[in-house]
Amino acid sequence: AKGNGQITFPTKFSMVDDLLPLNHRGRTIFRMSLNPQEIINTVEFGTSPLIKRIQAINKMYEAGYQVGILIAPVILLDNWKKLYLELLDQLYDNLSEKVREQISFEVIFMTYSYIHRAINDQAFPDALKLYNQELMTVRGRGKYGYRAEYRAEAEVFLREEIARRFHTNEIVYVV
C-alpha cells in the first residue's frame, strides 16, 4: 500500500536539531552508533562525542522518532571490558527514563580488510592500529574478523551487561 514505508538511518553525529520539527509521521527510525569515548577519540575521527550522541537520542525520541542504539563497531582493545562497561553505564545514566524503557540494541563486531588497513595506515598514520593478529583471523578474501573464542566471550559479556541495565529491552542482533 502506498505510504506504508519506513526509513532507518544510523549516524555517529549529534546534529539533529533540524530534524526535530519534521513531519516524519512516526515512520523514521533513528539509530545512533555508539562506542566508548576512547574509541571515538582514536578511531572515529571527526564524529560527535559520546555524551552528545546520547543527548541526540533523547531529543529524537521526544520529537516522536523511533530510536535505537547500534554499538558498533565493537573493537576488542586490551581494556575492552572496562571501556564497554563505562559506555553502558553512561548510556543508562544519560538516557531519559522513557528512552531507557523502550530502546533496542544492535551490536556489530568490527570486521577489517587488507584494503581498510592500507588506507587507514596511509591516511591516519597516528591512528590506533585496528588489526590485531592475535585476536583476528581471516574471514574471506582479504577480510579479517575476531577469532570465534574472543568474539563469543565478548558477545556473552555484552548481552549480559546490556540485560543487567536494560532488562526489558530487545537486542535485535549481534553480528
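Me: Is glutamate 155 buried or exposed?
Reply: In this predicted model, glutamate 155 is buried, with a relative accessible area of 18%. The cut-off for buried is under 20%.

Me: Which residue does glutamate 155 meet in a salt bridge?
Reply: Arginine 151. The two side chains come to 2.8 Å, N to O.

Me: Where do those two sit, and how many residues apart?
Reply: Both lie in helix α6, 4 residues apart, which is about one turn of the helix.

Me: And what about the accessibility of arginine 151?
Reply: Arginine 151 has 21% relative accessibility, so it counts as partly exposed. Partly exposed runs between the 20% and 50% cut-offs.

Me: OK, what about glutamate 161 and arginine 164, what do their side chains do?
Reply: They meet in a salt bridge too, at 2.8 Å from N to O. Glutamate 161 and arginine 164 are 3 residues apart in helix α6, so about one helical turn separates them.

Me: Buried or exposed, for each of them?
Reply: Glutamate 161 is buried, at 9% relative accessibility, whereas arginine 164 is exposed, with a relative accessible area of 57%.

Me: Which residues are in the network with them?
Reply: Asp89 and Arg165. Salt bridges with shared partners join those two, Glu161 and Arg164 into one network.

Me: How many salt bridges turn up in the whole structure?
Reply: A search of the whole structure gives 11.

Me: Now lysine 81: which residue does its side chain meet in a salt bridge?
Reply: Glutamate 153, at 3.1 Å from N to O.

Me: What does that pair tie together?
Reply: Lysine 81 is in helix α3 (residues 80-94) and glutamate 153 is in helix α6 (residues 148-165), so the salt bridge ties together parts that are 72 residues apart in sequence.

Me: How accessible are the two ends?
Reply: Both are partly exposed: lysine 81 has a relative accessible area of 36%, and glutamate 153 comes in at 38%.

Me: Switching topic. Where is threonine 11 found?
Reply: Threonine 11 is in strand β1, which covers residues 7-11.

Me: Does threonine 11 count as buried or exposed?
Reply: Threonine 11 counts as buried, at 15% relative accessibility.

Me: What is threonine 11 in contact with, leaving aside its neighbours in sequence?
Reply: Leaving aside neighbours within four places in sequence, threonine 11 is in contact with Phe30, Arg31, Met32 and Ser33.

How values were computed. Residues numbered from 1 in each chain as written. Predicted model: local features only at pLDDT ≥ 70, side-chain atom pairs only at ≥ 80, totals over all residues. Heavy atoms only, no water. Salt bridge = Lys/Arg side-chain N within 4 Å of Asp/Glu carboxyl O. Buried < 20%, exposed > 50% of the residue type's maximum accessible area, 1.4 Å probe, protein only. Contact = heavy atoms within 4.5 Å.
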